[in-house]
Amino acid sequence: MNISYHWLKDFIQTNKTPEELSGILTDIGLEVESLDVVQHIPGGLEGLVIGEVKTCEQHPNADRLRVTTVDIGGEAPLHIVCGAPNVAVGQRVVVAIVGTTVHPIGGEPFKINKSKIRGEVSEGMICAEDEIGLGVSHDGIMVLAADAPIGVPAKTYLGVQDDYVFEIGLTPNRADAASHLGVARDIAAWLRSGYVMPDVTAFVAGNDPALPVTVTDSEACPRYSSLTIDGITVSESPDWLKGRLQAIGVRPINSVVDVTNYVLHELGQPLHAFDADTLAGGQVVVRQAEPDELFVTLDGVERKLHREDLMICDAEKPLCIAGVFGGMHSGVTERTTRVFLESAYFHPVSVRKTSKRHGLKTDASFRFERGTDPDMTVLALKRAALLITQIAGGHISTSVSDVYPRPILPFTFDVRYAEVRRVIGKTIPDTEIKAIIEALGIAVLGEASGVLTVQVPPHKVDVTREVDVIEEVLRIYGYNNIEIKRQIKASLHTSSKPDKEVVQDQVADLLIGNGFREILSNSLTKLDYTDNPDLAVRILNPLSADLDTMRQNLLYSILGAMAYNQKRKQQDLKFFEFGNTYQLGEGSYVEKQRLALAITGGQLPEQWNHRDKSVSFYDIKAAVDAILRRLNVTGLQVVDAPELHYQYGLTYERAGKAMVSFGAVSKSALVKADLAGEVFYADFDWAAILKAIRKNKITYQEVSKFPAVRRDLSLLIDADVNFGVLKGIAEKTERKLLKQVNVFDVYKGDKLPAGKKSYALYFVLQDEEKTLNDNQIDAIVKKLIHNFEKEVGAEVRS
């Protein structure tokens, strides 16, 4: 949000510099992100001074040039060669001295240098108005009044004033400060001074009957004020109005629209002007849109309306999306002579939903969806009407129509001095607290026994409780005035519980070091992406059909990120995300934290010195195993991954509880996510992982002096046999020397007999007392093969 320094000074009298005000605004919660100088005339007439032509003679080597001497108040006059036909002795003129950069209209800026022109020295330039951006005339130099003071800067003499614009990072809760008036109120509270409001005492209502206004939804539109102005002439706005709008980055359009924009940024009240002659039936109806009703907005786009969109209509058709955007055929044009002016208060939720639904962001919706001042509509209407008649002529032909069936009341509650001091943490005198509250425009209705009864005006939409007033007091009192106590009372104690954030950071660092990128996704998704629609947590008032459900898994969040990148030619992807999932439980909501990994594309970026190789099941398994090793999570059993999300894969369990599942993502999920290629995915139950870490006991065991031996077996088994069964057989076969059993490949496909799958297992054998020989190893492997064949009908694949 941009705020003009000089515009602010219409409301408050202060000698604070822009830099000083910038610090004040930041201290009171309106953080100034930048402070820029705005020059209404390019270059700001810097380096230009008033001079007097002392001599003027014909140039000896050029018929159209004159050699002059010009007094600019220095020790010696300047020698300037001038080509203007009207230069003469005794004139007061504008002089650009050496080193000045001038900004001509319709040309590039250029710097004035000392030079020789046809053999004569020239130490500056006597300026025409188009050469310095003051006009378009180039008939000759500017000739000033005879009493123009010599040596005075031209910007001072001509009254050209630079403005300063504060760019304020307005937080969503500060709707009351979304205008020059709102910012001025805060500065006045800090200065403990007053502020002035625009003068509307000259407003005189007309005698014509007001246009009838019908509001069918007083919840979405609690207040609707309006009037009519006749006999106007729409044209270009005057320079002062265009200058103010341009300073804050608003493009001037025409005299009427510019006034409505001016009042919006001045008072924070959005207005809308309609061509009154285009209103069918001579009436205005504020109603909800018809289902699938079509409407062409001001940008020329035909939009399908939603039944909850609030519309401003005439007797036949919609004219405007209330609080958001105007229509194509009802706005003010150069042919408009009669204006219907609207100043309304719309419910923030209604405007926000409509704005989001149609993807429309305007200055009006920005304010309405945060909450405008319901008490401002009539004042802003009168202010705009007076400015329009001042600039565009005409007269106010009707009285103010104000449809306000249920007035919005101020917030009234108690504030305790003791609570203010307790929360802030400093002993602030009662008088100081009360003075700040009153300086903020909050009325004190009564005081007794250290308790104030306050009445907060409706424009402070976020100040509804005692603690909100305390925050306001602290904001104006100054955070910098609260000392930080040097003594901190704390105690150190050991805990067996791991620090959740530290563990998460360790895993994130591990993954990032292995080429993964962390993503953060929206917790809202669509129902089609849920695992069990019957347990889905639905949103009562969704912004769109694609964001109507709380996610039950992280799979589609991470696949969506991959699809987005794939469509932008990024094929080699490795993502991870920490996030929560949600579903209905027995009489409650269940929220779980998960960690998801996904990889697709090539293992390495394309290089000349290696062959392209796609990621595989082993790559996701390596990432999973690395995390478990890093966290020292052991004692896991291996079973097949569930078919809900996976074509094939594994699940690591502990005591029957799944810790992590990983494998190749199912074809149906890839189709839903519109994702090409093969994707490998892992899903950790992060809460279970943290619990497993807490139960870990780290013990020391001497490293064996004797080498371990690994042997691999590829087994063809029935599809219903899981790894846990195979591991149990292996452990019964060899209890002493078998140290580890694991699976490093799983395959299901059409190359195998029906009802079969392939498991590739590895076995680690080690004797703690001596080195194993080949005969011992071969005997154990034969026993393993025999027992696998006998108990599960396994067939060893060569």
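The following exercises, each with a worked solution, concern a predicted model.

**Exercise 1. Strand 19 and its partners**

Task: Determine which strands pair with strand 19, and in which sense.

Solution.
Step 1. Begin with strand 16 (residues 284–288), which pairs with strand 19 in the antiparallel sense over 4 bridges.
Step 2. Locate one of the residue pairs: M311 in strand 19 is the bridge partner of R287.
Step 3. Turn to strand 20 (residues 318–321), which also pairs with strand 19 in the antiparallel sense, here over 3 bridges. In strand 20, I321 is the bridge partner of M311. M311 therefore has a bridge partner in each of the two neighbouring strands, R287 and I321.
Step 4. Consider the connection: strand 19 and strand 20 form a hairpin, with 4 residues between them.

**Exercise 2. The two faces of strand 19**

Task: State which residues of strand 19 lie on each side, and whether they are buried or exposed.

Solution.
Step 1. Recall the general pattern: in a regular strand, side chains alternate between the two faces of the sheet.
Step 2. Apply the pattern to residues 310–313: L310 and I312 are on one side, while M311 and C313 are on the other.
Step 3. Examine the burial of these residues. All four are buried, so both faces of the strand are covered.

**Exercise 3. Salt bridges and accessibility**

Task: For the salt bridges R287–E293, K317–D314 and K756–D718, decide whether each partner is buried or partly exposed.

Solution.
Step 1. Recall the principle that side chains of opposite charge can pair when their charged atoms come close. The structure holds 47 salt bridges, and three of them are treated here.
Step 2. Take R287 and E293, whose closest N and O atoms are 3.1 Å apart. Both residues are buried.
Step 3. Take K317 and D314, with their closest N and O atoms 2.5 Å apart. The cut-off for a buried residue is under 20% relative accessible area. D314 is buried because its value is 3%, whereas K317, at 31%, is partly exposed.
Step 4. Take K756 and D718, whose side chains meet at 2.6 Å, N to O. This pair links distant parts of the chain, as K756 belongs to strand 39 (residues 756–765) and D718 to strand 37 (residues 709–718), 38 residues apart. With relative accessible areas of 26% for K756 and 30% for D718, each partner counts as partly exposed.

**Exercise 4. The surroundings of D176**

Task: Describe where D176 lies and which residues it contacts.

Solution.
Step 1. Place the residue: D176 is in the loop between strand 12 (163–168) and helix 4 (180–191).
Step 2. Assess its burial. The relative accessible area of D176 is 6%, so the residue is buried.
Step 3. List its contacts. Apart from neighbours within four places in sequence, D176 is in contact with G182, R185, H459, K460 and D462. The side chains of D176 and R174 are joined by a polar contact of 3.0 Å.

**Exercise 5. The nonpolar cores**

Task: Identify the residues with the most contacts inside the largest nonpolar core, and the helix that supplies its largest share.

Solution.
Step 1. Recall that in soluble globular proteins, nonpolar side chains tend to be buried together.
Step 2. In the largest nonpolar core, which has 76 residues, L25 and F166 have the most contacts.
Step 3. Helix 9 (residues 377–392) supplies the largest share of this core, namely 9 residues.
Step 4. Beyond its neighbours within four places in sequence, L25 is in contact with several residues, including F166, I168, V183 and I187.
Step 5. A second, separate core has 63 residues, among them I729, L765, I777 and V781.

How values were computed:
Residues are numbered from 1 along each chain as its sequence is written. This is a predicted model: local features need pLDDT of at least 70, side-chain atom pairs count only at pLDDT 80 or more; totals for chains, interfaces and linings use all residues. Side-chain values use heavy atoms; hydrogens and water are left out. A salt bridge is a side-chain nitrogen of Lys or Arg within 4 Å of a carboxyl oxygen of Asp or Glu. Buried means under 20% relative accessible area, exposed over 50%, partly exposed in between (1.4 Å probe, protein chains only). A nonpolar core is a set of buried Ala, Val, Leu, Ile, Met, Phe, Trp, Tyr and Cys residues joined through side-chain atoms within 4.5 Å. Contact means heavy atoms within 4.5 Å. A polar contact is a pair of N or O atoms within 3.5 Å; within protein, one must be able to donate a hydrogen and the other to accept it, and residues adjacent in sequence count only if both atoms are side-chain atoms. Two strands pair if DSSP finds at least two bridges between them.
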